[in-house]
Amino acid sequence: MIPRLFLMMAVLAGQALAQYPPFREYMMQREAEIALARSAAPANISDHATIKVLTASGYEVVHQGNNGFVCIVMRGWAAPTYTPVEFRNLVYDATVRAPICFDPAASRTVMPYYELRTKLGMEGKTPDQIAEGLQAAYVTGKLPKRDSVSFAYMWSADQNLAPGIGAWHPHMMIFAPYYENSMLGRNEFGHALPQVSDDAGTPFTVVVIPVDHSLAIKAQRVK
């Protein structure tokens, strides 16, 4: 599990920043970012996936795959939209690196949400403004409706999810609209059990299912 002290460290670190560092601090060397993105999922998936990397204009395709999966490295702008509120300030943390590989359905319906969060963060929007922008885009149809469950892999051994948390467990992200943690048995946040981690009761709900540490994948080239 994630010790409560580590969770508090992440919260305090975000609150202490509360302003955006220079954009260059969010950037990575391209080949290293590609390798880190691929480490999000097993090779039988990531070797055939589309890879996107972050640029000054947002995420751009650098490798076109053929299996419908898309792998990227999310930054702090991907912090939860609504809950838990205390983690919203991770948008200001340029050290966050969260490799993720979306399945075909999530690539269509979920990835645009993270890309819009990134765009708004790059424009200097505050966490509350990002949340408002996401809500408005969803209501007006600028974001795809989430009306079914989809999945993503986050198995990288080199992910850095927040200060004091680091790589945590390799895990599956289940995008399950409107789920509540009570529907999974009220498992405590941070434990290695299935749990609603983000945005419970909203279209953007995320269920996390940790997997065995032995499944964590090292990036082949990390700089």
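Biologist: What makes the contact between glutamate 123 and lysine 125 a salt bridge?

Modeller: Happy to explain! A salt bridge is a side-chain nitrogen of Lys or Arg within 4 Å of a carboxyl oxygen of Asp or Glu. Glutamate 123 and lysine 125 meet at 3.1 Å, N to O, so the pair fits the rule. Bear in mind that this is a predicted model, where local features need pLDDT of at least 70, side-chain atom pairs count only at pLDDT 80 or more, and totals for chains, interfaces and linings use all residues. Residues are numbered from 1 along each chain as its sequence is written, and side-chain values use heavy atoms, with hydrogens and water left out.

Biologist: How many salt bridges does this rule give?

Modeller: The count comes to six salt bridges. Lys119, Glu123 and Lys125 are linked in a network of them.

Biologist: Why is lysine 52 called buried, and what is glutamate 115 called?

Modeller: Buried means under 20% relative accessible area, exposed over 50%, and partly exposed in between (1.4 Å probe, protein chains only). Lysine 52 has 14%, so lysine 52 is buried. Glutamate 115 has 22%, so glutamate 115 is partly exposed.

Biologist: How do you know that lysine 52 and glutamate 115 form a salt bridge?

Modeller: Their closest N and O atoms are 2.9 Å apart, so the pair meets the definition. Lysine 52 lies in strand β1 (residues 50-55) and glutamate 115 in helix α5 (residues 111-122), so the pair ties together parts 63 residues apart in sequence. Helices (H or I, at least four residues) and strands (E, at least two) are DSSP runs, numbered from the N terminus.
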